[in-house]
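Trainee: Got a minute? I'd like to go through the charged pairs in this one.
Mentor: Sure, pull it up.

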Amino acid sequence: MTAMSDVTVLLLTFFMLTSTFIQKEPIQISTPASVMEIKIPETDILQILVDNDGKVFMSMDKQEDRVAVLEKMGEEYGIAFTPEEVNKFRLAPSFGVPIGQMRSFLALPEDEQDKILKDYGIPTDSTDNQLKSWVKNARLQNRDLRIAIKADQATPYPIINTIMTSLQDIRENRYNLITTLKVVSTDN
């Protein structure tokens, strides 16, 4: 019995140390199913999250890339971020606030940020398409970045088309669409 409990503790420890944690996302997304099974790499990922209302959020897996992109966006839009704001942004798992409101958003406590983040979204309209700037600056920071779009299955096609057109406008023609694996019956 002692040997069995030792093995159990060792296995539990092994699984805890080798597992990866899922990043907290600002919105719940139910992805559509597909039969193709292609794994997206776990590093150098720029994930674009789209809810069914068309609100766009982004996440990057490397904190140093996130900080560099925020600083580039600040330069582009004439906004200077304090070291405290940069550090808060570094620790945020995802973001989706218009750049003009980023400083006031970062000034909020983390629990407040989580509550109101889903009400914002990165602008993608024709007059102020900040998604293009975020992606372009992220690509300048990390050339190996892989873009992945994760949209809700109830998101209307015109919204997804706007995202894909925005990417094509900045010559980002390679990206992945994240789906869940559909089980296919082999019965004939």
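Mentor: Start with D169. Its side chain forms a salt bridge with K132, with the closest N and O atoms 3.0 Å apart. Keep in mind that this is a predicted model.

Trainee: Where do D169 and K132 sit?
Mentor: D169 is in helix α7, residues 157-169. K132 is in helix α6, residues 130-141. The pair therefore ties together parts that are 37 residues apart in sequence.

Trainee: Is D169 buried or exposed?
Mentor: Partly exposed, at 45% relative accessible area. K132 is also in the partly exposed class, at 24%. Buried would need under 20%.

Trainee: How many salt bridges are there?
Mentor: The count comes to four.

Trainee: OK, another one. What does E172 pair with?
Mentor: R139. Their side chains meet in a salt bridge, 2.9 Å from N to O. E172 lies in the loop between α7 and β5, and R139 is in helix α6, so this pair ties together parts 33 residues apart in sequence.

Trainee: Are E172 and R139 buried or exposed?
Mentor: Both are buried. R139 has a relative accessible area of 13%. That is under the 20% cut-off, so R139 counts as buried.

Trainee: What else does the R139 side chain reach?
Mentor: The backbone oxygen of R143, at 3.0 Å.

Trainee: And which residues does R139 touch, leaving out those up to four places away in sequence?
Mentor: D144, L145, I147 and E172. E172 is the salt-bridge partner we just covered.

Trainee: Switching topic. What about E85, which residue does it meet in a salt bridge?
Mentor: R103, at 3.0 Å from N to O. This pair links distant parts of the chain, 18 residues apart. E85 is in helix α3, residues 83-91, while R103 is in helix α4, residues 102-106.

Trainee: Is E85 buried or exposed?
Mentor: Buried, with a relative accessible area of 10%. R103 is partly exposed, at 36%. The cut-off for buried is under 20%, so E85 falls inside it and R103 does not.

Trainee: Why would such side chains pair at all?
Mentor: Opposite charges can pair when their charged atoms come close.

Trainee: Quick recap of the pairs?
Mentor: D169 with K132, E172 with R139, and E85 with R103. These are among the four salt bridges counted.

Methods
Residues numbered from 1 in each chain as written. Predicted model: local features only at pLDDT ≥ 70, side-chain atom pairs only at ≥ 80, totals over all residues. Heavy atoms only, no water. Helix = DSSP H or I, 4+ residues; strand = E, 2+ residues; numbered from the N terminus. Buried < 20%, exposed > 50% of the residue type's maximum accessible area, 1.4 Å probe, protein only. Polar contact = N/O pair within 3.5 Å; in protein donor to acceptor, adjacent residues only side chain to side chain. Contact = heavy atoms within 4.5 Å.
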